[in-house]
Amino acid sequence: MRILRVTGRGELHLRPDMTKIRLVLNGREWEYEDVLARAAKDTAALKEELERLGFAARDVRTTDFQVSTEYKSVYNKETEEHEQHFSGYEYTHELKIEFPSDNGRLGKILYAMAHSAVAPEISFRYSILDKEAARNELLAKAVGDARAKAGILAAAAGEQLGAMQSIDYSWGRIRWDISPISEMVYSEADVVGKSYNIEIEPDDVRLEDTVTVVWELA
């Protein structure tokens, strides 16, 4: 049986419609028990602030939590060497919240976090809300591209396409997020009430994927 194997490529440019905010809390204490207590206290305070901004407890999710042993380098004049001295335990708690993109809501959240007593590190990205629909459209485009290429190749060779024999899809990793801002700097002019005046129009999320289709040549 003669076959024709063609790889099709799908490409989509979609406007982001979901905002993801990453919040990182950290603190240091001398005793292990104390650093865990501080982590719990800071996390509870952060969640209370987010609840006032309209987020339910289930909307605030932990993506990473760890406690590390910290040391500082101290120079010993007698030995003329640097020594590592224990300086306590440090916790890092990384959380995330997601919501349909809204610059007004984003400005209020960023203002609240910047003026929060627990002062979390803040970064945000944009993404696609309905990933399944986007993936399905992407695959349809890839298969269509493979069919078009196969038809051109078969015609150029004086052949006709027969029945489709197989479709191989690798389930490759798709990058759904886009980060338009790497560093955020505010001025007094950016403040409107208890909100930052954020006017951001993120670039499209560009999605690409491939499929390999095999046809029988009639």
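**View 1. Strand 2 meets strand 5 in this predicted model.** Leucine 23 faces isoleucine 122 of strand 5. The two strands, 2 and 5, are antiparallel and are joined by seven bridges. They belong to an open sheet of four strands. Its order is 3-4-2-5, and the pairing is antiparallel. Strand 3 (61–76) and strand 5 (121–127) stand at the edges. Each has a single partner strand, so one side of each lacks a neighbour in the sheet. On average, neighbouring strands of this sheet are turned by 25 degrees against each other, direction ignored. Strands in a sheet pair through hydrogen bonds of the backbone.

**View 2. Helix 1 lies across three strands.** Helix 1 spans residues 32–52. The strands it lies across are strand 2, strand 3 and strand 4 (81–100). Helix 1 runs at about 150 degrees to strand 2.

**View 3. Strand 7 pairs with strand 1 and with strand 6.** Strand 1 and strand 7 run antiparallel and share 12 bridges. Leucine 12 stands opposite leucine 207 of strand 7. Strand 6 and strand 7 are also antiparallel, with six bridges. Here isoleucine 167 has valine 213 in strand 7 as its bridge partner. In a regular strand, side chains alternate between the two faces of the sheet.

**View 4. Arginine 15 and glutamate 201 form a salt bridge between two loops.** The N to O distance is 3.1 Å. Arginine 15 sits in the loop between strand 1 (3–14) and strand 2 (18–29). Glutamate 201 sits in the loop between strand 6 (161–169) and strand 7 (205–217). The pair therefore ties together parts that are 186 residues apart in sequence. Are these two residues, arginine 15 and glutamate 201, buried or exposed? Both are exposed. The structure holds 14 salt bridges, and this is one of them.

**View 5. Lysine 149 and aspartate 145 form a salt bridge in helix 3.** Their N to O distance is 3.0 Å. Helix 3 covers residues 131–156. The partners are four residues apart, so about one helical turn separates them. Lysine 149 is partly exposed, at 33% relative accessible area. Aspartate 145 is partly exposed too, at 22%.

**View 6. Arginine 206 forms a salt bridge with aspartate 203.** The closest N and O atoms are 2.9 Å apart. Arginine 206 is partly exposed, with 48% relative accessibility. Aspartate 203 is partly exposed at 41%. Elsewhere, salt bridges with shared partners join Arg9, Glu11 and Glu208 into one network.

**View 7. Aromatic rings form a cluster.** The structure has seven aromatic pairs. The ring centres of tryptophan 30 and phenylalanine 86 are 4.9 Å apart. Their planes stand at 70 degrees, so the pair is edge-to-face. Tryptophan 30 lies in the loop between strand 2 and helix 1, and phenylalanine 86 in strand 4, so the pair ties together parts 56 residues apart in sequence. Tryptophan 30 is exposed at 51% relative accessibility, whereas phenylalanine 86 is partly exposed at 28%. Tyrosine 71 also pairs edge-to-face with phenylalanine 86, with centres 6.0 Å apart and planes at 75 degrees. Tyrosine 71 is in strand 3 and phenylalanine 86 in strand 4, 15 residues apart. Ring pairs link Trp30, Tyr32, Tyr71, Phe86 and Tyr89 into the cluster.

**View 8. Arginine 105 lies over the faces of phenylalanine 55 and phenylalanine 99.** Arginine 105 is 4.3 Å from the ring centre of phenylalanine 55. For phenylalanine 99, the distance to the ring centre is 5.1 Å.

Notes. Residues are numbered from 1 along each chain as its sequence is written. This is a predicted model: local features need pLDDT of at least 70, side-chain atom pairs count only at pLDDT 80 or more; totals for chains, interfaces and linings use all residues. Side-chain values use heavy atoms; hydrogens and water are left out. A salt bridge is a side-chain nitrogen of Lys or Arg within 4 Å of a carboxyl oxygen of Asp or Glu. Buried means under 20% relative accessible area, exposed over 50%, partly exposed in between (1.4 Å probe, protein chains only). Two strands pair if DSSP finds at least two bridges between them. Axes are lines fitted to C-alpha atoms, for helices over the stretch in contact, and angles run from 0 to 180 degrees between N-to-C directions. Contact means heavy atoms within 4.5 Å. Rings of Phe, Tyr and Trp (its six-membered ring) pair if their centres lie within 6.5 Å; planes under 30 degrees apart count as stacked, over 60 as edge-to-face and the rest as tilted. A charge sits over a ring if NZ of Lys or CZ of Arg is within 6 Å of the ring centre and within 35 degrees of the ring normal.
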